[in-house]
Amino acid sequence: MSELSITLRLENWDESRPLTREEAVEILNLPEEEMPKLLDCAYALRTKYKGKKVSVQLLTNVRSGNCSQNCAYCAQSRDSEAPIEKYRRVSDEKLYGDNDLVDEKHLARHCIGLSGIGFSDEEIEDLADRIREMKKKETQICCSIGFLTEKQAKMLKEAGLDRINHNLNSSRSFYPEICTTHTYEQRVNNIKMLQGLGFEICSGGIIGMGESKEDVVDMLMDLREINPESVPINFLLPIPGTRLADRDISELTPEYCLKVLCLARLMISKSDIRCAAGREVYFKGIEPTLFKVVDSIFASGYLTAGGQGIDATMKMIEEAGFTGEIESTDEE
Ligand code: SF4
């Protein structure tokens, strides 16, 4: 398909015609002068489905480090030499304190992450107790937690857990380049099992690990099929001590990063599109443009990397002409 035709498609967007793989790759290759058309198209979809709200999530790392897996980007991996704090369970004071903060600041969601891929039933019951306690505040809770058995997933569902994060991270064909201790297929199957139990799903990926543009498109095509409530897109922050510490990230220009987010909005229009890790680095100073595309961000940092504080994040959203919202409007 010629460049002209993709430009025409952007000008006359037809939601009943999903982007083909070739068209999606063309979007990632659009010349700079076509960016306004791409942004306008993404903005129209963003306002149609999400208005001008930005949902803000707070992330608590409940279990940190000592993971048996070898994900190349991750400071918590068995292969990582990153000097991170390692613990089996964060203090209740910190966990409940963060949950209170989500409640008091009217944030959209409390995300809790646990390193590792396998958990004993006792560990899950322990977590379920804490979820029950936090749900007394009626905060929305999303848990990022490796692979669960169906029994364990039901235990968390019964405790009131709303959503589970399980990222695809990259394309099926690129996945073995970043991890060999589990497979892409295991991730897809886990997500399908969780969807079958009625969980909301948060699933996205990481850009900048050495994947091709076709890989980015393939991942988004799989995500389109999964149709998660939320799609977090992370931009690699190479962490010293990890296998990707010296990864060349010069390709992650603000323009390319925006193209990826626009493509996510075009392909999975109704989902929350979240600019996750890397926001403070790759989009610094262009937040008003970023919010034309995404409707969801984190405040106060990531699992093993710091970030912008809650009050500063809220101020930045208002100054960009958008609204920090209490609830995510998934159902449209
Ligand atoms: S991404 Fe998750 S599974 Fe992979 S090494 Fe990090 S904590 Fe372990």
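Modeller: Buried, in this predicted model, means under 20% relative accessible area.

Colleague: Good to know! Then why is Cys179 called buried?

Modeller: Cys179 has 2% relative accessibility, and the cut-off is under 20%, so Cys179 counts as buried.

Colleague: And what makes Cys71 buried?

Modeller: The reasoning runs along the same path: Cys71 has a relative accessible area of 9%, which is under 20%, and therefore Cys71 is buried.

Colleague: How do you know that Cys179 is too far from the closest cysteine sulfur for a bond?

Modeller: A disulfide needs two cysteine sulfur atoms within 2.5 Å. The closest cysteine sulfur to that of Cys179 is in Cys71, at 4.0 Å, so the pair is too far apart for a bond. By this rule the count comes to 0 disulfides.

Colleague: Let's turn to the loops. Why is His106 called partly exposed?

Modeller: Partly exposed lies between the 20% and 50% cut-offs. His106 has a relative accessible area of 45%, so His106 is partly exposed. You will find His106 in the loop between helix H4 (92-104) and strand E2 (109-114).

Colleague: What makes the phi of His106 worth a look?

Modeller: Most residues other than glycine have a negative phi. His106 is a residue other than glycine, yet its phi is positive, near 55°.

Colleague: Where is Asn227 found, and why does Asn227 count as partly exposed?

Modeller: Asn227 sits in the loop between helix H9 (213-226) and strand E7 (230-235). Its relative accessibility is 47%, between 20% and 50%, so Asn227 counts as partly exposed. The phi of Asn227 is positive too, near 55°.

Definitions and conventions. Residues numbered from 1 in each chain as written. Predicted model: local features only at pLDDT ≥ 70, side-chain atom pairs only at ≥ 80, totals over all residues. Heavy atoms only, no water. Helix = DSSP H or I, 4+ residues; strand = E, 2+ residues; numbered from the N terminus. Buried < 20%, exposed > 50% of the residue type's maximum accessible area, 1.4 Å probe, protein only.
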